[in-house]
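Hi everyone, thanks for coming. Today I'd like to walk you through one protein model, piece by piece, so have a look at it while I talk.

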Amino acid sequence: MTSQTNPMLAKVRAILAKAEDPAASPAESEAYFAKAAALMAKYGIEETMLAAAKAVPAKPTSRLIKIEGTYAKDRQQLLSFVAVALGASTVFTKVYDETTDKIVSAVDVFAYESDLDRIELLYTSLMLQAFNGMRYVRPLPGESTTSYRKTWLSGFATAVYHRLKKAEEDAQSSYEESTGTSTALVLADRNTLVKAERDRKYKKLRKTPKRKLGGSGWGAGNVAGKRADLDGKRLTETRRPVLVG
C-alpha cells in the first residue's frame, strides 16, 4: 500500500491541504498541525508494532529525495529534522538530475517504508507552508532578505522537530497504556537496523559542520513552526556525502 492509497495518509493529506491554504489563520493552522501530528504518530507506532509481530519482519530501506528550488541547504535541514524526529537517519549528498542535466542537492533518508511515506508527506506540506509564511515577514532595515529568511527557516525547522518528537512520544505512551505492551525494545531495534542500513550503503561519512547564520529571523520562524500543520512524497553521487542524523 502506497502513501497515495493508504486511507490514513489520505486523511492526513486532506488536512494538510487545509493548512497549505494561505487563507488559513495561524490559529487554524495550529489546530490542524496538532491533529495531524497526533494522527501521524498514532499511525506510525501502530505500523511499527504490527510489523514487529510478523513472522518475517520488514527491513529498513532508503529513499533519495532531491531538493528542488532555492534555499537548498535550508530545505535539506527541514527534511532531515522531520525525518530524524520520526526515527529515520539522513545523509546529505549531491546527485545528478537527468531532468535538468544538473547536479542537485539531495537527502538520502533511511527508515522503514511506512515511516518514509510519513516523512515525505510531512516534508512536502511543511515546505510549502514555510514558503507561504515567509512571504509575509520582513527583515530589519538594512538586513539581507536572504540572511533573514535562512534564520527564519532554521527557527521553523527547529519548532517542527520538537513538535514532532513530542507527538511521537505521546503516541508511544498512549499505545503502551492502551495495550500494556512496551514499545522501547522494538523502537531501539529499529533504530539500530536503520543506522546499520545507512552504514552499509555509506562506508565513509563525516559530520556536517554547524551552520553559522547571521540573520534575525529565527524567533519569527520558530513561532511559525509552532503553528504549522503537521497533519497533512538510482542516482550517481558526485561528492562525499554528509551524515546529519
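I'll go from the overall layout to how the helices pack, and then to a few single residues.

First, some ground rules. This is a predicted model, so to speak of local features we need a pLDDT of at least 70, and side-chain atom pairs count only at pLDDT 80 or more, while totals for chains, interfaces and linings use all residues. Residues are numbered from 1 along each chain as its sequence is written, and side-chain values use heavy atoms, with hydrogens and water left out.

Okay, the layout. The protein has 7 helices and 5 strands. Those are DSSP runs, numbered from the N terminus: helices are H or I with at least four residues, strands are E with at least two. Starting at the N terminus, the order reads α-α-β-α-β-β-α-α-α-β-α-β. Of the 245 residues, 46% are buried. Buried means under 20% relative accessible area, exposed means over 50%, and partly exposed is in between, using a 1.4 Å probe and protein chains only.

How confident is the predictor? The average pLDDT, which is the predictor's confidence in each residue from 0 to 100, is 81 for the protein, and 83% of the residues score at least 70. Among the elements, strand 1 (residues 61–66) has the highest mean, 95, and strand 5 (residues 242–243) has the lowest, 46. Over residues 232–245 the pLDDT drops below 50, though this stretch still has 60 contacts in the model beyond near neighbours in sequence. A contact here means heavy atoms within 4.5 Å. Where pLDDT is low, the predicted coordinates should not be read in detail.

Now the helices. Two packed helices are described by the angle between their axes and the distance between the axes. The axes are lines fitted to C-alpha atoms, for helices over the stretch in contact, and angles run from 0 to 180 degrees between N-to-C directions.

At what angle do helix 3 and helix 4 pack? Helix 3 (residues 72–85) and helix 4 (residues 113–134) sit at about 135 degrees, with axes 10 Å apart. That makes helix 3 oblique to helix 4. For the cut-offs, under 35 degrees is roughly parallel, over 145 roughly antiparallel, 65 to 115 roughly perpendicular, and the rest oblique. The crossing of these two, helix 3 and helix 4, is right-handed. A crossing is right-handed if the near helix is turned clockwise from the far one by less than a right angle, and left-handed if anticlockwise. Helix 3 brings Arg75, Leu78, Leu79, Val82 and Ala83, and they meet helix 4 residues including Leu122 and Phe131. By class, this contact of helix 3 with helix 4 has 10 nonpolar, no polar and 1 charged residues. Nonpolar covers Ala, Val, Leu, Ile, Met, Phe, Trp, Tyr, Cys and Pro; charged covers Asp, Glu, Lys and Arg; the others, Gly among them, are polar.

Next pair: helix 4 and helix 5 (residues 145–179), at about 140 degrees with axes 11 Å apart. Helix 4 and helix 5 are therefore oblique to each other, and this crossing is right-handed. Residues in helix 4 such as Leu126 and Gly133 meet helix 5 residues, Trp152 and Phe156 among them. The tally for helix 4 with helix 5 is 11 nonpolar, 1 polar and 3 charged.

And helix 3 with helix 5? Those two pack at about 10 degrees, with axes 8 Å apart, so helix 3 and helix 5 are roughly parallel. Their contact divides into 11 nonpolar, 3 polar and 4 charged residues.

Last, some single residues. Most residues other than glycine have a negative phi, and most peptide bonds are trans. Tyr71 is not a glycine, yet its phi is positive, about 55 degrees. Tyr71 lies in the loop between strand 1 and helix 3 and is buried, at 15%. Asp101 also has a positive phi, near 60 degrees, in the loop between strand 2 (89–97) and strand 3 (102–111). Is Asp101 buried or exposed? Asp101 is exposed, with a relative accessible area of 55%.

Finally, Leu64 in strand 1 is partly exposed at 32%. Leu64 and Thr90 are 26 residues apart in sequence, and their C-alpha atoms are 9.7 Å apart. That's my tour, thanks for listening!
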